[in-house]
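Me: I have just opened this structure and would like to talk it through. Could we begin once it is displayed?

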Amino acid sequence: MNAIPSPRAQALPADDEIETLLRMGLRNRWHPLCPSHFVADRPVSLYRLGLKLVLWRDAGGTVCVQDDHCPHRGAPLSMGRHLGDRLACVYHGVEVGTDGRVLSVPGSPGCRLEGRQAVKTYPSRELKGAIFAYVGDALHPQPCAFEPPEQIASDEYDAFLCYAEWRTPYRYLIDNNLDPMHGTFLHRQSHSMAVGDVKASFRVRDTPHGFRFEKVTQRDVNFDWSEWCDTGALYARLEIPYPKSGGPGGNFGIIFMSTPISDTLCANFFWRNRRVQGWERDTWRFLYKNRLEARHWQVLEQDRTLLEAVEPDANQQECFYDHDVGVARVRRWMRELAAQQLQALHRAGAARPWQRGGEPGTAP
C-alpha cells in the first residue's frame with residue numbers, strides 16, 4: 001500500500017516552482033517599475049514581474065498601476081483614451097477608474113460589468129525619481145510596510161537615479177552587486193577603484209534587515225563591502241571611497257534594485273548618492289553632472305558588457321571560492337523566501353503567481 005503523504009509534505013513546493021517564482025520576481029514586496037518621467041500625460045504599458053501593466057496619472061498627477069487588460073474583452077487599457085479620472089478602452093469604450101472599478105459601459109448601460117472592481121490595481125508610490133508598486137500574492141493583497149533606504153529618503157542625502165535595461169537575467173545583477181571583488185579586476189581602470197589589494201579575506205555579518213559581506217583586510221579603499229537589505233523592498237547598498245577631487249560628501253554610495261522584465265531582460269535602478277547638504281550639495285551636484293556622471297556610466301558599461309555576455313544558464317557551470325560567499329548567501333536567501341511564499345500558497349490552496357484565479361481556501 002502506498003503511504004499517504006503528510007499535509008506538510010504536500011505543501012512543499014517543487015524545485016521548478018521555486019525557480020519559476022524566482023524568474024518572475026518575489027512577491028509581497030515593493031518593486032521599482034520605471035523612472036517617473038516615463039509616465040506623463042498618456043498611459044504606458046510595461047512588462048514587469050511576469051505581469052503586463054498599464055501606468056497612468058490621474059488629473060491630479062497621482063500614478064495608477066493596473067493590469068493592462070480591459071475586463072470586457074482583454075484589450076490593452078494602455079491603448080485607451082485618458083479621461084482624467086479613468087481610462088476608456090479604445091475597443092468598446094468601457095471606462096475603468098483608478099481603483100479598477102468599471103465606471104461605465106457605453107454599449108450596454110446597466111449591465112452586470114458596471115460597478116464591478118474588475119481590474120487589478122496595485123498600490124503605488126513615487127520615490128526619488130522612480131515609480132514603485134506593491135506586488136502581492138493571493139494571500140497578501142494588502143501592501144507590506146516599506147521603509148526606503150535613508151540614502152534615497154532622507155534630506156541628509158542627495159541622489160541621482162541612473163536607470164538602464166540590460167539583456168541579462170536580473171539575478172545576475174544582484175550577484176554582481178554582492179560581489180565586491182569584481183571591482184578590483186573589472187573596474188581597475190576606474191578613477192575610484194584603481195587601488196587596493198587583489199587578495200582579500202571576507203566575512204558575512206548579519207544586520208537588522210539582511211546581511212553585509214565585507215572585506216576584513218581593508219576598509220574605505222575600494223569597493224570593500226556590500227549589504228543586502230529587505231525593508232519591504234529588496235536592494236543592495238554599497239559605498240566606494242572617493243578621492244578629494246570627487247568633492248565633498250565622503251564615500252560615494254549606491255542603492256541598487258533590479259526588477260525582471262523577462263527571463264533575459266531586466267530594469268535596473270542605481271541611485272548614486274552622497275551625504276551632503278547646503279553648499280556641499282550644490283558642489284556635489286555640479287561635479288556630478290559635469291564630470292562624474294560620464295565616468296559612472298563607463299563603469300556601468302563595463303558591467304553591462306560583461307553580464308550580457310554571460311549565458312543565462314552559466315550558473316550551472318560555476319565553481320565558487322571564498323570571495324563568492326556573498327553571492328551564495330543572497331541566492332540562498334532569495335530561494336528560501338520563494339519557498340516560504342509558495343509553501344504558504346500551497347497550504348491555503350491558493351493560486352501561484354503564474355496562475356489566474358484561485359482565492360485562499362479554493363483549488364487553483
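The conversation below covers confidence, one pair of strands and one surface patch.

Me: What does the protein average in pLDDT?
Reply: The average pLDDT, the predictor's confidence in each residue from 0 to 100, is 91, and 94% of the residues score at least 70. This is a predicted model, in which local features need pLDDT of at least 70 and side-chain atom pairs count only at pLDDT 80 or more, while totals for chains, interfaces and linings use all residues. Residues are numbered from 1 along each chain as its sequence is written, and side-chain values use heavy atoms, leaving out hydrogens and water.

Me: Where does pLDDT stay under 50?
Reply: Residues 1–9 are one such stretch, with three contacts beyond four places in sequence (a contact means heavy atoms within 4.5 Å). Residues 358–364 also stay under 50, with 19 such contacts.

Me: Changing topic, which side chains of strand 2 are buried?
Reply: Val44, Leu46 and Arg48 point to one face and are buried, whereas Ser45 and Tyr47 point to the other and are not. Buried means under 20% relative accessible area, exposed over 50% and partly exposed in between (1.4 Å probe, protein chains only). Strands are DSSP runs of E with at least two residues, numbered from the N terminus.

Me: And how many bridges join strand 2 to strand 3?
Reply: Five bridges join these antiparallel strands; pairing requires at least two bridges found by DSSP. Arg48 has Leu51 in strand 3 as its bridge partner.

Me: Is Val90 buried or exposed?
Reply: Val90 is exposed, at a relative accessible area of 53%. Val90 lies in the loop between strand 6 (86–88) and strand 7 (95–97).

Notes:
Helix = DSSP H or I, 4+ residues; strand = E, 2+ residues; numbered from the N terminus.
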